[in-house]
Every structure is written in C-alpha cells, then in structure tokens.
Amino acid sequence: MASDRTDTSAVVIGAGQAGLSVSYYLARLGLDPGNDFVVLDRGPGTGGAWQYRWDALRIGSAHRINDLPGLDELGVSFDTADRHAPAKDVVAQYYRRYEDHYGFQVVRPADVLSVENVGADLLVKFRFDGEVGSVSTQTVVNATGTWGAPFIPWYPGLRSFLGRHVHTNDYRSASDFAGQSVVVVGGGTSAIGFLLELEGVAALTTWVSRRPIDFQEDGDLNLEARREAVQLQDDAARAGRALPSIVSGTGVGRTRRIQAGIDRGVLTPRPMFDSIEPNGVRWKDGAFQRADAIIWSTGFRPELRHLAPLKLREKEGGMAVGSGVSFRDSRIFFAGYGPQASTIGANRAGRMIARQVIATLSRLQAAGR
Ligand SMILES: Cc1cc2nc3c(=O)[nH]c(=O)nc-3n(C[C@H](O)[C@H](O)[C@H](O)COP(=O)(O)OP(=O)(O)OC[C@H]3O[C@@H](n4cnc5c(N)ncnc54)[C@H](O)[C@@H]3O)c2cc1C
C-alpha cells in the first residue's frame, strides 16, 4: 500500500500495550507487518514500560492489566496469571509470545530520534545498533507512553539535597532503602505501594502529598470518578492543554491492604513540605524531617520529544488530539495518549486508530500520493 516514494505505509513508534494493539488491528485490516507497517521500539526487550517496573509490583497488586486484543488465541490471560508473579516478567513474557504469534517483527532496540515532514511524506529517524537509520512513511502512530519522561516538581533547595532523589521509574526494591529515613511524595497508588513495601525495611517513612488523599470507599477505583477522569483527559487533549494527573480525577481505592496500612499508621499523609535542605525537608511552620532519600511518585509526562520537528505543540502546552488523531496533521496518530492511558484505553485506541490509518491511506491513495 505504500506509495512509490515511501518505504512503508505506517510506522508505529512503541511496542507497549498501545502500539501492539494498533499493530494487531492494522494486521487485521490487511496490512502486512514488516512491510506495510513497521514497529520500532526503544526497549531492549518486550513488555513496553512494564519491563522496567520494580519486582515487588505483582500481577495482584497492579490495578488491572487488560488482555491485548487477540491474546486469547495464545491460551493465556492476565486475569488467570499467577497473582504473586512480578508483573514485569509476566507482561514481558505474554507480549513476547503475542508479538511472535502475530509476526509483528518489532525492530528493537530502535530509539526514534525525530519525525520530520519531507514533502508529502514523513521521515522517521532512529538509532539502531549504534547507527542512525531512517524510514519514510505516509502515516505515523505514536505510542511512546510516558515512562521515559518522569516528572519531578521543583521545590526550593531541590538540588541542594545530599541524599538520593529517586523517581518511580528508578525505584527497584525496598532493600535499597534499608535502615534509611525516606520521604515519599505523591498521592497515588505508586506512593502507597512504596510506603507499604518500605515498612519494616526503612528506619522511617514520611508520606507527603500536595492534595489530601481522596480514598474511594468502594475499595476499587470509583467507576464514575474514572469516567470523569477520562473525560478530563479527553477535554485537555482536544484543547491542546497539558494533560492533568490521572489520580487527581480517580482517587485511590481503599482496598483491604491499604486500609490495613492506614490502621497500622503506615499511611498517614502530611501536607507537602515547603523546601528541601541538604539533609531533609522543611514545612512552612518550621517543622523539619531528616531524610536519606526522597522518592518522587509524582507522575510522568507524555514522551513526545521526537515529534518536535512537526511543530504540533499548542501554546496551551500540549498536543491537540481528538479520537487519537492530531488536529494539526491528520497523518499523525496518538495511541495511549490522554484518555487512552490505561491498558483498556490503549486496547480501544488500537481499533479506532487502525481504522483511521486505513482511511487516511485510502484518501492519500485516491489523491495520488
Ligand atoms: C507504575 C505504573 C503502574 C501502572 N499500572 C497499571 C495497571 O495496573 N493497569 C493499567 O491499565 N495501567 C497501568 N498503568 C498505566 C500503563 O502505563 C498503561 O496502562 C500501559 O501499560 C501503557 O501502555 P503504552 O503502550 O501506552 O506505553 P508503554 O508501555 O510505556 O510503551 C511505550 C513503548 O514505547 C517505547 N518508546 C518510548 N519512546 C520511544 C522512542 N522515542 N522511540 C522508540 N520507542 C519508544 C518505550 O520503550 C515503550 O516500549 C501504570 C502506569 C504506571 C506508571
């Protein structure tokens, strides 16, 4: 389907849940993987961002990992996977089998450096095996997630801290903090998970959050709140604004494990500190907590640096995207972005985006391009 000038019809950047889901539907709609569309992924292995997550994040302690479309053909499901197994291993293994089964031929580790407009086509430049290569294409599906763009808010004294700053994406194991005084920042499930893991390992944990924690009494994420949170994400994406934090819209489910942590006094949040000093953190009222490490569970931003040459960013701070397609350039698709940033959202995006890619290719073909 690629035009005479292009190497391929579509390049999918990223082989996490979103990129694989789009790939599945592109293949179902008749595109040949490796020829009609090419998948490039930076990760050394399969699993998208999951391959980097910490050991203690088990299948049973993740929110819920939804099955990729067509995963049932392999006779496996995340719903029946061992709840005690590290999520990173199970996801990497299932994705590997999925990629092989459907023959996606993901190119990895291929780090996409830029996507550029070259006349009617798009040129995707990437680093592979120490060399910079390129592939020309008619459409691009960006499915790069957020893991590569950790966000740490600025506080006075941030750089003066003599201890360790650790973001969620650097966290490996509670044993790295044995005997230490640890401040955990953030109001979401990652912060809570770390506090529970550090109990009895760290000498002391201090939990701080910018907002009061919105515990949901139904023990699971409140579905109504979740719909609203997805709506907020969609509104922001359509308006080209920076995306709001997910947890600010959903709250945190008061599961039995979390309630037990609250009862033991492990999960007692304090307001956000005001400044950071070389040996700890200080609140406005003068209170001070000595700290060896600060764990920042403060979220991520979409990873979009490589799209800069396309000049898609709005003055409002984000990309204007609706139903997975850029409002500025209808050849650029966003999978797993904003309202789609969950495994279920990424699945839905797959079908919706693949159909639009095919429609765009037909339009380009009809226009003789
Ligand atoms: C700690 C944590 C726990 C979570 N738990 C859950 C959960 O339990 N359930 C749930 O539904 N969601 C969960 N999420 C959200 C989760 O990240 C998404 O659901 C989903 O896994 C994201 O899939 P994705 O394909 O959009 O992104 P990713 O899985 O991040 O995949 C993106 C891929 O793109 C690649 N990439 C990035 N930049 C480039 C580039 N420039 N060039 C080439 N490749 C690139 C990356 O290497 C990666 O392989 C969690 C998120 C976090 C941070």
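Helices (DSSP runs of H or I, at least four residues) and strands (runs of E, at least two) are numbered from the N terminus. The model described here is predicted: local features need pLDDT of at least 70, side-chain atom pairs count only at pLDDT 80 or more, and totals for chains, interfaces and linings use all residues. Residues are numbered from 1 along each chain as its sequence is written, and side-chain values use heavy atoms, with hydrogens and water left out.

**The ligand site**

The shell holds 30 residues around the ligand, each with a heavy atom within 4 Å of the ligand. Among these, Asp41, His63, Arg64, Val112 and Thr343 come nearest. Strand β3 (110-118) gives the largest share of the shell, three residues, and α1 also supplies at least two. By type, the shell comprises 12 nonpolar, 12 polar and six charged residues, where Ala, Val, Leu, Ile, Met, Phe, Trp, Tyr, Cys and Pro count as nonpolar, Asp, Glu, Lys and Arg as charged, and the others, Gly among them, as polar.

Polar contacts are pairs of N or O atoms within 3.5 Å. Three side chains that approach an oxygen atom of the ligand are listed below.

| Side chain | Distance to a ligand oxygen atom |
|---|---|
| Asp41 | 2.7 Å |
| Trp50 | 2.9 Å |
| Thr343 | 2.6 Å |

The protein covers 89% of the 990 Å² of accessible area (Shrake-Rupley method, 1.4 Å probe) that the ligand has on its own.

**Helix α2**

Helix α2 (residues 87-102) has 16 residues and should span 22 Å at 1.5 Å a residue, and its end C-alpha atoms, 22 Å apart, agree with this. The expected span is 1.5 Å times one less than the number of residues. Several residues of α2 are buried, including Ala87, Tyr94 and Tyr102; buried means under 20% relative accessible area (1.4 Å probe, protein chains only). The buried residues of α2 pack against α1 (17-28). Gly103, with a positive phi near 65°, follows α2.

Definitions and conventions: Buried means under 20% relative accessible area, exposed over 50%, partly exposed in between (1.4 Å probe, protein chains only). Contact means heavy atoms within 4.5 Å. A polar contact is a pair of N or O atoms within 3.5 Å; within protein, one must be able to donate a hydrogen and the other to accept it, and residues adjacent in sequence count only if both atoms are side-chain atoms.
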